[in-house]
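Me: I would like to go through the terms used for this model one at a time, and ask in each case what justifies the word.

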Amino acid sequence: MLGSVVAGLTSGGVYALLGLSIVLTYRLAAVVNFAMAVIGAMGAFVMASLTDAGLNVWPALIVGAVSGGLLSAVLGAGLVRWFGAHALRTKAAVTVAVYVALMALGLRLFGSVTTGARRFPQPFDAPAFVVGDVVVPQAALVSLALAVLITVGVTLLLGRTMFGLRLQAISERPATAEVVGIPAPRLALAVWTGIGALTTLVIVLVAPRLGGDFSTLGNLVTTALAVAMIGAFHSLWLTLAGGLLLGCLEGAAASLEAVQAYRGVLPFLVMLALLWWRSRHEVWDTATAAR
Amino acid sequence: MAEQILDVRDISVARGDVPIVYDVTLGVQPEAVTVLLGANGAGKTTLLDGIAGLAKTTSGTIGLAGQAIAGLPTYRRAHAGLGYAEQARTVFRSLTVEQNLLVARTGNGDLGTAYRLFPELERRRALGAGHLSGGEQQMLVLARALLGEPKVLLIDEMSLGLAPVVVRRLMSAVRELTSLGIAVLLVEQFAHLALEIGSRAYVLRKGRVVFEGPCADLAGDDDLLKQYYFGTAEDPAEHDDTAEKVAAEGEAR
Ligand SMILES: Nc1ncnc2c1ncn2[C@@H]1O[C@H](COP(=O)(O)OP(=O)(O)O)[C@@H](O)[C@H]1O
Ligand SMILES: [Mg+2]
């Protein structure tokens, strides 16, 4: 059981990072991006195709990340150009459409579960250390460290750099940000590119554990959305905690035979619990406000 | 007419697809305060938004120091020298006072000038902008606009909801801006205060300019101003339902 929970941490770090991508896109670009993971999967499969063709891992990884970044930038630019003034739900609907389209395209290009699973490189497969009878793989440490590092990095970027302060200004008052001379469209594009590249790296990291087929990876967006909900689409640290929690829960569920087959519904259950919890609080809030 | 630093010709402005401002021609002279008056809903904010690029202009041209800016996105108009202190004190609440100024700095924009004009802000530089009083927030919005080194500054209803003593403080700051070489287009509910510091005035009614002339022609004459705001009885073609409503309410009481 403990071993499964620790193994779950590997996924947990990855879930945290995917949730982070969703939260950042929401905060900085005002879009709930359902196509986030499938864009990362596209980038990851570009990389896998290149390594299959004999290219060295590192250049392939860079090309993959750049592809994911560019694809994300194209989606972002389209949203800014044609849906900039539209409501949140319209933009979310557009990303759902893009998700469906990219899913179909990806399956066509890279094959389905049975035919298309790629062998992703597994650089962190070796055990890092052993506690009692629990083997902690390097991948768990790497994904944990990366999740913490990126959360810290993004927090510093937003709070301490001119680029980050301007992004905060845009996220709070997009029109006023432009009024004071901040080139909002250009910065938004940088954000979309960065998040696309980051998501690609995260998908590459998790791909070997999940079997490396396109649809599994593209569908990670449900988990990412659940994690983003734990962070209330705002807090980076709650998002990090949420990712780790979900990873551990999933690990625990995997070790219990009775629930093992149903662990796929975990993100859904988490979302449901959160919705119930928050609505309970809203009711309570209005009750006190009325007094 | 003297040369104009902001030269707005025949612009019409729409919100979504609803036309709000029609064929307005208006000039702002350098180092002076130009006053734009009008009743609530006359279209003053919409006109300023159109000049700044926040609302869609459907016709006309906008010249800023000789450069045509009507086709530019909002941030490029700012870079061209257009400052805009929007209605409703639009500080970035998630940033500190100083960060509000820094994100707006372009080129040589200088915190010193802003702080000299508003020493209150320097004392609160590390405070979150959301914790400022209304008057201080308005000062921050003006100071922030200065960091973009504007040639022309549009100011919309800066005195709304503020105490008279604060309003006077802001008005004298606006007058100081002109001595820094900035031209001001001032939209104001307190017409008499604005007319005191302004040189030329325009009155907007239902999206059209109905008066243009020296501020002195309007100053001190509330009846004349009211006529321009709401239209006159002798002018049935311009008959205005706002005036009618006001009259009806008066009778009801
Ligand atoms: N976003 C909007 N969409 C549609 N109509 C608007 C919008 N904003 C303002 N209006 C309408 O435009 C008219 C002028 O508004 P506004 O420019 O704010 O006037 P003022 O600033 O002179 O009070 C009003 O009738 C108002 O109802
Ligand atoms: Mg207004």
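Reply: Before the terms are applied, one definition is needed: a pocket is an open set of grid points with protein on both sides within 12 Å along at least five of seven lines, and its lining residues have an atom within 4 Å of a point. The model is a predicted one, and every value below is computed from it.

Me: What lines the largest pocket, and which residues lie nearest its centre?

Reply: The largest pocket, with a volume of about 1,100 Å³, has a lining of 38 residues, and those nearest the centre are A:Val80, A:Gly84, A:Ala85, A:Pro174 and A:Glu178. Two or more residues each are given by helices H1 (2–29), H3 (57–83), H7 (162–172), H8 (174–179) and H9 (184–210) of chain A, and by strand E4 (56–64) and helix H2 of chain B. H3(A) makes the largest contribution, five residues, and by class the lining holds 23 nonpolar, nine polar and six charged residues.

Me: What makes a space a cavity rather than a pocket, and how many cavities of 30 Å³ or more are there?

Reply: A cavity is a set of points where a 1.4 Å probe fits but cannot get out, whereas a pocket is open. Two cavities of 30 Å³ or more are counted on that basis. The largest cavity has a volume of about 90 Å³, and the second largest about 40 Å³.

Me: Which residues line the largest cavity, and how do they divide by class?

Reply: Its lining includes A:Val179 and A:Val180 from chain A, and B:Leu82, B:Tyr84, B:Arg144 and B:Pro150 from chain B. Strand E6 (82–85) and helix H6 (134–146) of chain B each give at least two residues, with E6(B) supplying the largest share, three. The division is eight nonpolar, three polar and one charged.

Me: What lines the second largest cavity?

Reply: The lining of the second largest cavity consists of A:Val179, B:Ala52, B:Thr74, B:Arg77, B:Ala78, B:Leu82 and B:Tyr84. Helix H2 (74–79) and E6 of chain B are the elements giving two or more of these residues, and H2(B) gives the most, three. Five of the lining residues are nonpolar, one is polar and one is charged.

Me: Why is B:Gly16 called exposed?

Reply: Its relative accessibility is 54%, and exposed means over 50%, so B:Gly16 counts as exposed. The residue lies in the loop between strands E1 (6–15) and E2 (18–28) of chain B.

Me: How do you know that E1(B) and E2(B) pair?

Reply: Pairing requires at least two bridges between the strands, and seven antiparallel bridges join E1(B) to E2(B), so the condition is met. The two strands form a hairpin with two residues between them, and B:Gly16 in the turn has a positive phi of about 60°. Across the pair, B:Ala14 stands opposite B:Pro19.

Me: What makes B:Thr45 and B:Gln87 donors of the magnesium ion?

Reply: Donors are N, O and S atoms within 2.8 Å of this metal. OG1 of B:Thr45 and OE1 of B:Gln87 lie 2.0 to 2.2 Å from the magnesium ion (ligand 2), so both atoms qualify. B:Thr45 belongs to helix H1 (residues 44–52) of chain B, while B:Gln87 sits 42 residues away in the loop between E6 and helix H3 (97–103) of that chain.

Me: Why is B:Gln87 called partly exposed?

Reply: The relative accessible area of B:Gln87 is 33%, and partly exposed is the class between under 20% and over 50%, so B:Gln87 is placed there.

Methods:
Residues are numbered from 1 along each chain as its sequence is written. Chains are lettered from A and ligands numbered from 1 in the order in which they are written. This is a predicted model: local features need pLDDT of at least 70, side-chain atom pairs count only at pLDDT 80 or more; totals for chains, interfaces and linings use all residues. Side-chain values use heavy atoms; hydrogens and water are left out. On a 1 Å grid over the protein atoms alone, a cavity is a set of points where a 1.4 Å probe fits but cannot get out, and a pocket is an open set with protein on both sides within 12 Å along at least five of seven lines; lining residues have an atom within 4 Å of a point. Grid points are joined across faces, edges and corners, and a volume is the space filled by probe spheres set on the points. Helices (H or I, at least four residues) and strands (E, at least two) are DSSP runs, numbered from the N terminus. Ala, Val, Leu, Ile, Met, Phe, Trp, Tyr, Cys and Pro count as nonpolar, Asp, Glu, Lys and Arg as charged, and the others, Gly among them, as polar. Buried means under 20% relative accessible area, exposed over 50%, partly exposed in between (1.4 Å probe, protein chains only). Donors are N, O and S atoms within 2.8 Å of the metal (3.2 Å for Na, K and Ca); water is not among the atoms, so sites may look incomplete.
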